[in-house]
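User: I'm new to reading structures and the vocabulary trips me up. Could we go through one together, with the reasons behind each label?

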Amino acid sequence: MSAQDAVATTEQLIADIFEQYTAESEETLDYDSFFEDLMFCAQNPINLNQATREQLDKLPFLSDIQVENILSYVYESGSMQTIYELQLVEGLDMTDIRRMLPFVVLGELNDQTNKIYWPDLLKYGKNELYVRLDKGLETKEGYQFLPEEDQSSPTSSSNSYLGNDLYNSLRYNFHFKDRIQFGFTAEKDAGEQFWRPIHKGYDFYSLHAQLNNFGKFKTIVLGDFRANFGQGLVLHPEFGMGKSSYVLNMSPHNSGLKKFSSTDESNFFRGGGATIKFGKFDFSAFYSNKMIDGDTVNGTFSTIIKTGYHRTLDELSKKHTVNQQIVGGNATYTNMNLQIGVTAVHTQLNNVLVPDKSVYNYFYFSGKQQTTGGIFYRYRWKKLNLFGETAITDNASVATLNGFSFSPMSQVSLVVLHRYYSPEYDTFYASSFSETSRINNESGLYLGAEVRPFRKWKFAAYADSYRFPWPKYGIDAPSIGKDYLLQADFNPKRNISVFWRLKYEEKATNLSTLEAVMPVIVPLKKASLRYQLTYSYGDFSFKNVLEGNLVQKGNPAWTYGVIASQDVSYAFRRIPLKIDFRYQFFDAVDYENRFYSYEKDVLYAFSIPMYYGLGSRYYLNLKYELNKSLSLWFKIAQAVYADDRESVSSGNETIVGNRKTDLRFLLKWEF
Amino acid sequence: MFTDFETQTYVDMKKLIPLFILIALNQVLFSQISTILPHPVSIANTSVADSKNWTAFCNPAMLGSLENSEIGMQYENRYLISELSNKTIQAAFSNKLLNGGLSFSHFGYSLYHEMLVGLGFARNFSDKFAMGLQFNYYTAYFNASNSYHGAFLPQLGLSVKLNSGFSVGFQSFNPFQTNIRTELGTKRLPSIFSLGTEYFFSSELIWRTQIDKEVSSNYRFATGFEYQMLQAMNIKLGAYASDYLVPCLGVGFGSGQLKFDLNCELHPLLGLNTMAFVKYRFRH
């Protein structure tokens with residue numbers, strides 16, 4: 001990539017891809033793993049001439065159709081001689097190819113199971129150490145103590161934070177090509193004690209090791225790891241695809257066993273596993289045994305707590321109160337046109353999970369053990385790619401997802417996806433295409449299209465119609481909803497890209513102001529339009545964003561929200577310093593008009609702060625490379641509200657005043 | 001005690017009331033009062049600019065594009081309830097001077113039904129512009145008065161080919177908003193104006209869009225793709241939206257002069273709507 005590209009660095013490219021995925025999401029997604037996987041691909045590029053579907057699936061911006069077309073092209077032509085041949089692959093435009101470039105190479109076919117020698121390991125192995133510190137400048141409510149109150153005393157208020165307001169994480173990784181990886185992660189969230197009477201050391205530790213291509217062993221994982229198979233209806237504990245402006249990419253990527261090195265404290269397994277390859281069959285098995293958080297009382301608990309926060313006595317009392325053992329396996333057969341596999345997983349808890357019964361969670365899992373099994377497939381017939389998965393739990397409830405995608409001509413790609421998740425289907429680590437984060441109680445049909453009618457233009461659109469046959473959280477009656485997106489991308493030059501994104505959604509929600517005995521739901525309509533222009537000039541790059549939305553909840557008048565921002569980045573030539581600056585203005589009348597806006601951050605961090613009210617936010621982000629081994633990042637960001645509010649945030653996070661300032665520092669050492 | 005007649009009437013009413021509710025619900029949720037009008041073979045109701053298919057009671061100008069005579073029939077199993085089904089037969093006669101079409105559609109069952117007969121004429125002028133006119137007679141059976149009531153409903157259609165790959169279609173059904181008046185009240189009949197486009201990405205891939213306005217209902221927006229995947233098979237997908245978003249899928253098989261199509265729609269509340277079409281095209 002050239003410095004003239006609209007997106008200048010691989011790190012920025014990854015952040016932009018993630019932003020595009022999460023632009024419409026309100027969930028906290030695991031950016032660590034996403035970033036790490038793609039950075040690993042950048043450091044160990046995929047050899048297109050011997051790439052497998054599994055490897056290309058690691059590039060989440062490629063759709064199933066594009067992956068199939070690349071594999072098909074290489075199969076038919078023998079091998080690619082030059083990277084420019086990618087232009088001959090159907091369904092790939094220059095934007096896709098530029099995105100791919102940092103992550104792929106063209107090489108000779110070679111044996112990937114070569115013997116590894118210790119001297120090579122020491123000489124070519126790469127070590128990376130990251131130290132990150134975050135701190136808020138204003139004192140939050142949770143850190144306010146009465147003069148006579150000893151904050152470290154167990155008898156002090158169970159609601160105030162026990163530790164200081166510093167966030168710190170430590171991360172060490174080693175990798176030798178793509179064959180050997182190991183490392184550890186330690187993290188202390190702000191408010192958690194580090195070295196005081198109640199808790200000593202970091203709050204969260206994680207160790208991992210992964211070996212690839214050792215004899216018959218395709219993968220061996222030890223320590224913390226993840227297991228993803230099929231479409232995710234049985235097992236997919238990480239970032240799942242969903243509705244985004246990548247309208248063709250709804251299927252989960254990253255199948256198989258892989259190490260876990262993120263600071264996410266809940267969505268991983270702890271133990272070991274292996275995948276063995278026999279011809280066209282892959283067999284995987286794994287075992288996990290870890291403690292999870294829950295509000296346990298007398299051997300029962302109602303909720304699995306996934307926040308990872310242990311800042312107060314109350315939160316600490318719920319830490320690691322439940323033992324969870326998971327054993328699972330998968331067998332997959334893969335050939336050029338067909339992939340079919342079965343997955344089974346059994347979960348055992350030492351305490352009984354009994355959700356507090358209310359209407360919406362009436363069918364949620366309760367008990368100590370659960371077994372889930374599923375069968376998934378992917379089949380290419382002519383230009384049609386058929387895919388799907390059907391899963392069943394031991395209470396005979398079913399979830400099934402089936403679809404097909406095809407590219408009738410290089411300018412047009414279409415996808416259809418139907419899903420049915422019964423209200424009774426509820427399993428621990430499922431993550432797949434869904435309107436909500438929970439895979440149950442939903443049916444719907446999704447249609448997506450990507451059309452490139454003219455050079456430099458791309459239109460993407462989807463329509464999704466869905467139904468919740470049973471009440472959902474926040475919707476106390478069966479309901480339906482619909483979603484539309486239309487995005488037009490225009491890339492007139494290599495250093496200019498612009499898009500317009502129109503989104504409309506309509507779903508049901510509780511009428512919160514009404515205290516009715518019978519549930520009262522009202523339609524919630526939201527229309528939004530976003531315009532974004534990214535361009536570079538010399539050592540400068542710029543980004544303009546303008547977004548507005550209109551929301552109607554029930555029958556009152558529509559409320560509006562507006563956000564506008566200007567980003568400027570500058571890379572100095574004479575000193576290894578890069579600066580990002582943003583000024584942003586927001587005016588969102590109501591909470592329903594809120595905005596989630598991605599902002600540049602220190603490495604491995606990904607901020608999507610939420611705004612509503614009237615105010616502005618600005619930040620300065622610096623990256624300085626001291627030498628080849630040492631790099632520093634520093635960020636300072638401040639939000640100032642102009643709507644006469646006297647405090648920001650709520651509960652322990654409350655700040656008196658109308659400002660919120662965050663500092664972030666990261667040191668990276670490569671050796 | 002009920003007499004036999006009263007018992008029979010009571011049983012009929014027991015059947016009738018839920019069915020009236022279903023029909024009323026169907027008409028309300030279907031967003032248009034156009035249950036009598038059969039769904040076209042074009043996916044997601046994008047028929048107004050469909051130059052490849054002529055469907056009864058859709059754009060009569062498309063009759064003009066036919067080069068061969070044809071006969072066809074259609075069965076629409078609306079939401080898998082036989083009482084809501086729609087049956088249609090159609091025939092088109094190709095002639096150098098003027099093409100003609102005859103069509104008949106039946107909706108409902110013995111206690112409530114509607115019928116529509118149409119006689120249409122169309123001509124294609126130098127392959128750039130086609131115009132069609134259809135005369136429809138609508139009739140409905142009213143159980144309460146045990147009588148039929150009917151009305152004439154004209155239909156006009158236009159098709160303009162702007163270039164080799166792009167065309168625009170327009171049609172108006174019952175433009176004068178004729179209704180039926182009975183002793184019990186007025187039954188409103190659909191009055192629909194439609195505008196649509198057709199774009200050929202290639203000879204295999206067609207993209208259609210359409211906007212419909214039934215005078216007393218919301219606008220309906222529709223779009224669909226049709227892809228000739230094999231010589232004998234095509235697949236179709238699309239969606240239309242008015243008060244509800246309804247995704248649609250279809251598949252068509254053609255062998256010689258015989259063509260078979262199966263389209264499905266998934267209404268978020270009412271469920272699955274399936275339509276089957278069979279058409280036989282005569283040689284010159």
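User: What do the buried residues of α4(A) pack against?

Analyst: They pack against α3 (53-56), α5 (94-100), β15 (367-381), β16 (384-393), β17 and β18 of chain A. Before going on: this is a predicted model, where local features need pLDDT of at least 70, side-chain atom pairs count only at pLDDT 80 or more, and totals for chains, interfaces and linings use all residues. Residues are numbered from 1 along each chain as its sequence is written, while chains are lettered from A and ligands numbered from 1 in the order in which they are written.

User: What makes α4(A) a helix in the first place, and how far does it reach?

Analyst: Helices are DSSP runs of H or I with at least four residues, strands are runs of E with at least two, and both are numbered from the N terminus. Helix α4 covers residues 64-77 of chain A, which is 14 residues. The expected span is 1.5 Å times one less than the number of residues, and α4(A) reaches 20 Å from first C-alpha to last, close to the 20 Å expected. Among its buried residues are D64(A), I65(A) and V67(A). Just after the helix, G78(A) takes a positive phi of about 90°.

User: Why is P60(B) called buried or exposed?

Analyst: Count neighbours: a residue is buried if 20 or more other C-beta atoms (placed from the backbone) lie within 10 Å of its own, exposed if 12 or fewer, and partly exposed in between. P60(B) has 32 C-beta neighbours inside 10 Å, so it counts as buried. You'll find P60(B) in the loop between α1 (4-29) and β1 (70-77) of chain B.

User: And what about P45(A): why does it get its label?

Analyst: P45(A) has 16 C-beta neighbours inside 10 Å, so it counts as partly exposed. P45(A) sits in the loop between α2 (31-43) and β1 (46-47) of chain A.

User: Which residues does P45(A) touch, and how do you know that they count as contacts?

Analyst: Two residues are in contact if their C-beta atoms, placed from the backbone, lie within 7 Å. Not counting residues up to four places away in sequence, P45(A) touches F103(A), V104(A) and V105(A). The C-alpha atoms of P45(A) and V105(A) are separated by 5.8 Å, though the two are 60 residues apart along the chain.

User: What makes the phi of H320(A) worth a look?

Analyst: Most residues other than glycine have a negative phi. H320(A) isn't glycine, yet its phi is positive, near 50°. H320(A) lies in the loop between α7 (313-317) and β13 (322-334) of chain A, and with 13 C-beta neighbours inside 10 Å it counts as partly exposed. N213(A) also has a positive phi, near 55°, but N213(A) lies in strand β6 (residues 204-214) of chain A.

User: How do you know that β21(A) and β22(A) pair?

Analyst: Two strands pair if DSSP finds at least two bridges between them. Here 10 bridges join β21 (residues 479-493) to β22 (residues 496-510), and the two run antiparallel. A hairpin of 2 residues links them, and F490(A) has V498(A) as its bridge partner in β22(A). On to the next strand: 15 bridges join β22(A) to β23 (residues 521-537) of chain A, again antiparallel.
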